[in-house]
Amino acid sequence: MVTVPGGRVMQGLRLLRSALKSWTYVPAAGTRAALGTSVTSAKVAVNGVHLHYQQTGEGEHAVLLLPGMLGLEGSGETDFQPQIKNLNKKLFTVVAFDPRGYGHSRPPDRDFPVDFFERDAKDAVDLMKTLKFKKVSLLGWSDGGITALIAAAKHPSYIHKMVIWGANAYVTEEDEVIYQSIRDVSKWSEKIRKPLETLYGYDYLAKTCEKWVDGINQFKHLPDGNICRHLLPLVQCPTLIVHGEKDQLVPRFHADFIHEHVKGSRLHLMPGGKHNLHIRFANEFNKLAEDFLQ
């Protein structure tokens with residue numbers, strides 16, 4: 001058991017509070033125009049589960065948005081509202097999905113076997129193939145960035161380009177302390193906890209957060225804390241790594257490591273960016289992503 005210093009607990013809670021300032025949950029409801037253009041919301045059978053996704057835009061370039069943990073991170077529609085709303089609809093067809101066990105892709109309940117990132121990567125690729133996209137680009141945030149790296153490494157002919165931020169290829173002791181600081185949702189303020197309770201219910205939220213911490217920390221006990229560092233040299237697609245220099249959850253050395261080991265990748269630093277930089281600096285991020293993807 002890791003003893004978490006009080007400062008680390010407060011750091012974790014500040015991270016949650018910061019992210020939730022820009023987080024708003026919008027219930028899924030068929031085809032709607034609440035975001036300024038029609039957004040199709042549906043479920044499709046993929047690998048034995050029904051995955052919820054949203055789709056908007058009419059461009060030839062398909063882009064899949066991969067979210068992170070829970071619904072602070074973890075629900076395609078809540079994680080990526082600025083991208084669903086504002087990415088160029090003429091250039092791109094944008095798809096956001098809830099990984100199995102998150103958001104509206106329930107049942108099943110979320111679990112974290114040692115291959116859960118590989119499972120999410122397979123689900124993501126197979127979802128897009130089920131939707132009849134011949135090739136796709138990936139925008140992956142946090143856990144979704146890890147998933148994107150694995151998908152790009154294992155399906156090089158299918159992935160066109162990739163943008164990731166807030167991702168790590170391995171787990172260190174420093175990471176483990178940060179994760180433990182957000183383990184117990186009963187210690188979160190009501191302001192932080194309530195929106196997630198609305199989506200998940202308290203019991204599911206608490207149980208899933210604990211399981212996520214255990215799930216991500218299991219990599220710490222593997223050689224070199226490995227999640228996907230062995231796969232990085234296999235990534236062939238053009239890759240942009242964005243890092244917020246005020247990211248309190250993912251230290252800078254993780255972005256540097258991915259940049260060093262993904263051949264030809266670019267690293268873009270956002271001095272004021274935190275973990276949710278695509279929300280807090282949405283206009284800057286969207287322009288950066290659009291310019292890179294074109």
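I began at histidine 61, which touches Leu91, Phe92, Thr93, Ser137, His160 and Leu293 when residues up to four places away in sequence are not counted. I noted that this is a predicted model. Histidine 61 is found in strand β4, residues 61-66. I then looked up its exposure: histidine 61 has a relative accessible area of 15%, and because buried means under 20%, I entered histidine 61 as buried.

Next I turned to alanine 167, which I located in the loop between β7 (159-165) and α6 (173-180). Its relative accessible area is 6%, so I entered alanine 167 as buried too. Leaving aside neighbours within four places in sequence, I listed its contacts as Ser142, Gly145, Ile146, Val250, His254 and Ile258. I also checked alanine 167 against proline 251, and found the two 84 residues apart in sequence but 9.5 Å apart in space, C-alpha to C-alpha.

Ile146, one of the contacts of alanine 167, also appears among the α5 residues that meet α4, and I therefore looked up that helix pair, since two packed helices are described by the angle between their axes and the distance between the axes. Helix α4 (residues 116-130) and helix α5 (residues 143-154) pack at an angle of about 70°, with their axes 8 Å apart. That angle makes α4 roughly perpendicular to α5, and I recorded the crossing of α4 past α5 as right-handed.

For the contact itself, I wrote down Phe117, Glu118, Asp120, Ala121 and Val125 on the α4 side, meeting Asp143, Ile146, Thr147, Ile150, Ala151 and Lys154 in α5. Sorted by class, this contact of α4 with α5 has 6 nonpolar, 1 polar and 4 charged residues.

How values were computed. Residues numbered from 1 in each chain as written. Predicted model: local features only at pLDDT ≥ 70, side-chain atom pairs only at ≥ 80, totals over all residues. Heavy atoms only, no water. Helix = DSSP H or I, 4+ residues; strand = E, 2+ residues; numbered from the N terminus. Buried < 20%, exposed > 50% of the residue type's maximum accessible area, 1.4 Å probe, protein only. Contact = heavy atoms within 4.5 Å. Axes fitted to C-alpha atoms, helices over the stretch in contact; angles between N-to-C directions. Parallel < 35°, antiparallel > 145°, perpendicular 65-115°, else oblique. Left-handed = near helix turned anticlockwise from the far one by under 90°. Nonpolar A, V, L, I, M, F, W, Y, C, P; charged D, E, K, R; others polar.
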